[in-house]
Amino acid sequence: MTLDPRLLEILVCPACHGEIHVVGEGSGLECRTCGRVYPVRDGIPVMLIDEATPPTRPTPDRHGGPAA
């Protein structure tokens, strides 16, 4: 199932407000900034921080530098 491109244009990560993109053939939405992956269930993005998979890569600190 594909997500409406208009929906993807307006969705942002609720944790850091970063841009998201589709991963796993539409099974998730990954934040390009913090790396959290939000699930898509029955074609509906679940944009809740508590439902997201934690980042698996280092994230920048609030000032844009590398993570400590």
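**Exercise 1. Determine how the strands are arranged in this predicted model, starting from the pairing of β1 with β2.**

Solution. Step one: β1 and strand β2 (residues 28–31) run antiparallel and are joined by four bridges. Within this pairing, I20 stands opposite C31 of β2.

Step two: the pairing is placed in the wider fold. The protein contains one helix and four strands, and their succession along the sequence is α-β-β-β-β.

Step three: the four strands form an open sheet with antiparallel pairing, in the order β1-β2-β3-β4. β1 and β4 stand at the edges with a single partner strand each, so one side of each has no neighbour in the sheet.

**Exercise 2. Establish how many disulfides the model contains, and examine the sulfur distances of C31 and C34.**

Solution. Step one: the criterion requires two cysteine sulfur atoms within 2.5 Å.

Step two: for C31, the closest cysteine sulfur belongs to C16, at 3.4 Å, which is too far for a bond. For C34, the closest one is that of C31, at 3.7 Å, again too far for a bond.

Step three: the count is therefore zero disulfides by the 2.5 Å rule. As to their surroundings, C31 is buried at 0% relative accessibility, and C34 is buried at 6%.

**Exercise 3. Identify the residues of the largest nonpolar core and the elements that supply them.**

Solution. Step one: the largest nonpolar core has 11 residues, namely L3, L11, C13, I20, L29, C31, C34, Y38, V40, M47 and A52. The elements giving two or more residues to this core are β2 and β3.

Step two: one member, M47, is examined through its contacts. With neighbours within four places in sequence left aside, M47 is in contact with L11, V12, P14, I20, L29 and Y38.

Step three: the core is set against the whole chain. Of the 68 residues in the protein, 28% are buried. The protein exposes about 4800 Å², of which carbon and sulfur atoms supply 54%. Among contacts between residues at least 6 apart in sequence, 23% join residues at least 24 apart.

**Exercise 4. List the salt bridges and state which parts of the chain they connect.**

Solution. Step one: the structure holds three salt bridges.

Step two: R6 pairs with D4, with the closest N and O atoms 3.0 Å apart. R6 is exposed at 62% relative accessibility, whereas D4 is partly exposed at 33%.

Step three: R32 pairs with E19 at a closest N and O separation of 3.4 Å. This pair links distant parts of the chain, 13 residues apart: R32 lies in the loop between β2 and β3, and E19 in the loop between α1 and β1. R32 is partly exposed, at 49%, and E19 is exposed, at 53%.

Step four: R41 pairs with E51, their closest N and O atoms being 2.9 Å apart. Since R41 is in strand β3 and E51 in the segment after β4, the pair ties together parts 10 residues apart in sequence. R41 is partly exposed at 42%, as is E51 at 35%.

**Exercise 5. Locate H17 and D42, and report the phi angle of each.**

Solution. Step one: most residues other than glycine have a negative phi.

Step two: H17 has a positive phi, near 65 degrees. H17 is in the loop between α1 (5–10) and β1 (20–23) and is exposed, with a relative accessible area of 59%.

Step three: D42 also has a positive phi, near 55 degrees. D42 is in the loop between β3 (37–41) and β4 (44–45) and is exposed, with a relative accessible area of 76%.

Definitions and conventions: Residues are numbered from 1 along each chain as its sequence is written. This is a predicted model: local features need pLDDT of at least 70, side-chain atom pairs count only at pLDDT 80 or more; totals for chains, interfaces and linings use all residues. Side-chain values use heavy atoms; hydrogens and water are left out. Buried means under 20% relative accessible area, exposed over 50%, partly exposed in between (1.4 Å probe, protein chains only). Contact means heavy atoms within 4.5 Å. Accessible areas come from the Shrake-Rupley method with a 1.4 Å probe; for residues, only the protein chains shown count as cover. Two strands pair if DSSP finds at least two bridges between them. A nonpolar core is a set of buried Ala, Val, Leu, Ile, Met, Phe, Trp, Tyr and Cys residues joined through side-chain atoms within 4.5 Å. A salt bridge is a side-chain nitrogen of Lys or Arg within 4 Å of a carboxyl oxygen of Asp or Glu.
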